[in-house]
Each structure stands twice: as C-alpha cells, then as structure tokens.
Amino acid sequence: MSNSTKGSSRNPPKTGQAVAASDEAGEISLTRGENLVLVLDTPKGRGVFASKDIPAKTVLEVSPVLVLDPVENSEHICKTDLYNYTYNWPYMPPIPAKVQQEASPKSKITTTQAVIFGLGSMFNHSTMFQNVGWERDVTKLVITYTSLRDIKAGEELCISYGDVGRLTFKDADHARMEAEKDPDDWTDMLDIIDYID
Ligand SMILES: C[S@@+](CC[C@H](N)C(=O)[O-])C[C@H]1O[C@@H](n2cnc3c(N)ncnc32)[C@H](O)[C@@H]1O
C-alpha cells in the first residue's frame, strides 16, 4: 500500500485518517471512517452514504476477506445470492509437500471469488459517478477503500464493480446516466457501427 503507516498498530490510526493497513508483521490496522451511514432503502438496496463531508484520499474502510476455494465457489456459492457480494480474487492452489521440495516449484495461479466482510460488501456500483476506489492486498487478505475525491455530506459512496457488461442487475443509475450524457459523445453510435460490420 502506498500510504501504509509505521509504528505500533496497537495504537490504531484515528478513523477517517488517510492511512491504511499496517506493515507490521502479523497485524493489520482496521480503519473505518467516522462519517459513514448505511441507508436501508435506496434504489440499489442498502447503500453507504457520507453523513459529513469527507476529504479526498481518506481511508474509509479496511475489510478482511475470505478467499473461496474455486470448486466450492463454482459448485455452491455462485448459485446463491452471496455470489453478488463477492469480488474476483487471485487463487494460488496449495503446493503439495513433494513438489515444494523441488528447486522452484511452479504453482498455476487461477482466479476465484472472495467474500468481503464488514462495510466493504455494502458499497454499491456506479459506472459514471464512482467516488471510492478499492485496492486488494492479496498477501494480507484485506481490501482498502479510499475516497477518490472530496465527497459532500449526503452523497452515496460508490465503487466500480468492473466490466459493466457483466453486471448481474439493472443499473439504477441508468436514468441519471442518460440525463447526463454528453450530446456530442458518439461512442455509443460507434459501438453500433462496429456490430453492424
Ligand atoms: C455488494 S451488494 C451491495 C449492497 C446491497 N445494495 C445490499 O442491500 O445488500 C451488490 C448488490 O447491490 C445492488 N446494486 C449495487 N449497485 C447497483 C446499481 N448500480 N444499480 C442497482 N443495484 C445495484 C445489486 O442488487 C447487487 O447485486
């Protein structure tokens, strides 16, 4: 993490301060912003909102994750609603002891999903209006959420879920996106022309 703190993580940083997981071996500072509320009935279901102004680059949350076994994920979790609360995560299969003794054991990295604990699983998606960035720490098994810009009290805190074409729900921001579209932006039209080709 670029903004890691040094020093004892037994004195954790003040919430909302621009600091992330501690580098100290075996410990991680768990940060949660003070000025966050969970609103229960938004067009996207529950959502995280700012109750006061939040400056840019504030660490809002450090959420621990549970990395799922890929088979468990594909056979069980992805058939449940829990799947909608998981993030893509790199998966390193355990290396058998015999292979570990080789000079440079090669392990095939695949991907799986991870369940995010804490507030991390409550951030909704926005394609155009996201104000929160997130970063995986695959070693410490945490995700750190940071404000991308100054956020005003009352704004929803939204992240990007990635590839818009793979969203599993109808985007509640659709009408707002249409309303704010730049009339001179011909990108959509170019997509259509590509398909016709
Ligand atoms: C990780 S959860 C976020 C918390 C969720 N809103 C809740 O109440 O538990 C992801 C789910 O939130 C909803 N969601 C997130 N972003 C959305 C959006 N832009 N439009 C509509 N629904 C959204 C979808 O139902 C999605 O499967």
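**Strands, core and ligand shell**

With 15 C-beta neighbours inside 10 Å, L141 counts as partly exposed. This leucine lies in the loop between β7 (132-137) and β8, and its phi is near 60 degrees, a positive value in a residue other than glycine. The model examined here is predicted, and L141 offers a friendly way into it. A second residue can be read alongside it. K57 has a phi near 65 degrees, again a positive value in a residue other than glycine, and is found in the loop between β2 and β3. Is K57 buried, exposed or partly exposed? K57 is partly exposed, because 13 other C-beta atoms lie within 10 Å, while a buried residue would need 20 or more.

It helps next to step back to the whole chain. The chain has four helices and nine strands, and from the N terminus on these elements run β-β-β-α-β-α-β-β-β-β-β-α-α. Of the 197 residues in the chain, 23% are buried. Among the contacts with a separation of 6 or more, 64% join residues that are 24 or more positions apart.

How are the strands arranged? Five of them form an open sheet in the order β4-β5-β3-β8-β7, with antiparallel pairing. The edges are taken by β4 (86-91) and β7, each of which has a single partner strand, so one side of each is left without a neighbour in the sheet. On average, neighbouring strands of this sheet are turned by 35 degrees against each other, direction ignored. Inside the order, β3 and β8 pair in the antiparallel sense over five bridges. To find one of these on the structure, look for E61, whose bridge partner in β8 is Y145.

The nonpolar residues can now be added to the picture. In soluble globular proteins, nonpolar side chains tend to be buried together. The largest nonpolar core in this model has 23 residues, and those with the most contacts inside it are L60, V65, A114, F123, V132 and L157. At least two residues of this core are supplied by each of β2, β3 (59-67), β5 (110-116), β8 (142-147) and β9 (158-159). The largest share, four residues, comes from β3. Which residues does V65 touch, leaving aside its neighbours within four places in sequence? V65 is in contact with A114, V115, I116, F117, L141, V142 and I143. The list includes L141, the loop residue with which this section began.

Another residue worth finding is I159, in strand β9. I159 is buried, because 20 other C-beta atoms lie within 10 Å, and 20 or more is what burial requires. Not counting residues up to four places away in sequence, I159 touches F123, H125, Q130, V132 and W134. One of these partners, V132, is 27 residues apart from I159 along the chain, yet their C-alpha atoms are separated by 5.1 Å.

The ligand comes last. How many residues surround the ligand? There are 16, and the closest are G45, R46, N84, N124 and A172. Two elements, β2 (45-50) and β6 (124-125), give two or more residues to this shell. The largest share of the shell, three residues, comes from β2. By class, the shell has four nonpolar, eight polar and four charged residues. Strand β2 thus appears twice in the account: β2 gives residues to the shell around the ligand, and it also supplies at least two residues of the largest nonpolar core.

Note on methods:
Residues numbered from 1 in each chain as written. Predicted model: local features only at pLDDT ≥ 70, side-chain atom pairs only at ≥ 80, totals over all residues. Near = placed C-beta within 6 Å. Nonpolar A, V, L, I, M, F, W, Y, C, P; charged D, E, K, R; others polar. Core = buried A, V, L, I, M, F, W, Y, C linked by C-beta atoms within 7 Å. Buried ≥ 20, exposed ≤ 12 C-beta atoms within 10 Å, placed from the backbone. Contact = placed C-beta atoms within 7 Å. Pairing = 2+ DSSP bridges. Axes fitted to C-alpha atoms, helices over the stretch in contact; angles between N-to-C directions.
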